[in-house]
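Biologist: I'd like to walk through this model with you. Can we take it one question at a time?

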Amino acid sequence: MGLFVEYGHRMALTGAFDQKGTRMSSTDTSAPSFADLGRDLLEAADLEVVTSLVELPPSFQLPTHRHPGEEFAYVIQGAIYYWEHGVDGECHMPAGSLAKVPLGAVHSVRTGEDQGAKLVVFRVHTPGAPERELVDIDD
């Protein structure tokens, strides 16, 4: 049975990027991997759904960013820690967790020191929109 994350913590993850937000394509097992599983237009609106398989190595953190649409993610294997700007703390999401990131939420995801994670991510947005925008947060 999955865990749906509520109470202000939501989660998102979309790709293989280095700490500067540059898309990576590497066979290095210490780097994350990203596989676009497909894109389909929704019949009800001018939107598309992008489905991705994301693999993150241990001790990895995505840069702080936001997306032009909503995201849904299911953790298949391992665990992640999700952080969202404006929400205290971070949320631990083990395998079986399902969560949603709201439109425009500034966030980041990291893995623990001892294990990586594998997720399936669904992004809903306007066709052709950029996948993400990096955001600097002043502490």
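Biologist: What share of the protein's residues count as buried?

Modeller: First the ground rules: this is a predicted model, where local features need pLDDT of at least 70, side-chain atom pairs count only at pLDDT 80 or more, and totals for chains, interfaces and linings use all residues. Residues are numbered from 1 along each chain as its sequence is written, and side-chain values use heavy atoms, with hydrogens and water left out. Buried means under 20% relative accessible area, exposed over 50%, and partly exposed in between, with a 1.4 Å probe and protein chains only. Of the protein's 139 residues, the buried share is 44%.

Biologist: Which residues have pLDDT under 50?

Modeller: pLDDT is the predictor's confidence in each residue, from 0 to 100. The protein averages 77, and 68% of the residues score at least 70. Where pLDDT is low, the predicted coordinates should not be read in detail. The stretch that stays under 50 is residues 1-27.

Biologist: How many strands are there in the protein?

Modeller: Helices (H or I, at least four residues) and strands (E, at least two) are DSSP runs, numbered from the N terminus. Along the sequence, the pattern reads β-β-β-β-β-β-β-β-β-β. The protein has zero helices, and its strands number ten.

Biologist: Among contacts between residues at least 6 apart in sequence, what share join residues at least 24 apart?

Modeller: A contact here means heavy atoms within 4.5 Å. With that cut-off, the share is 74%.

Biologist: Which strand gives the most to the largest nonpolar core?

Modeller: A nonpolar core is a set of buried Ala, Val, Leu, Ile, Met, Phe, Trp, Tyr and Cys residues joined through side-chain atoms within 4.5 Å. This one has 17 residues, and Leu 56, Ile 80, Met 93, Val 109 and Leu 119 touch the most other members. At least two residues each come from E3 (48-56), E5 (70-84), E6 (90-94), E7 (97-101) and E9 (117-125). With four residues, the top contributor is E5.

Biologist: Which residues make the nonpolar surface patch of about 250 Å²?

Modeller: Patches are made of residues with over 30% relative accessible area and no salt bridge; like charges are joined within 9 Å, nonpolar side chains (Val, Leu, Ile, Met, Phe, Trp, Tyr) within 5 Å. Areas come from the Shrake-Rupley method with a 1.4 Å probe, and for residues only the protein chains shown count as cover. One member lies in strand E5 and is partly exposed at 39%. The patch is made by Tyr 74, Leu 98 and that E5 residue, Ile 76.

Biologist: How far apart in sequence are Glu 70 and Lys 100?

Modeller: Their side chains meet in a salt bridge at 2.9 Å, N to O, where the term means a side-chain nitrogen of Lys or Arg within 4 Å of a carboxyl oxygen of Asp or Glu. Glu 70 is partly exposed at 32%, and so is Lys 100 at 23%. Glu 70 sits in E5 and Lys 100 in E7, so the pair ties together parts whose separation is 30 residues.

Biologist: Which residues are joined into one network by salt bridges that share partners?

Modeller: Start with Glu 131 and Arg 123, whose closest N and O atoms are 3.8 Å apart. Glu 131 is buried at 18%, and Arg 123 is buried at 1%. The network joins Arg 123, Glu 131 and Arg 132.
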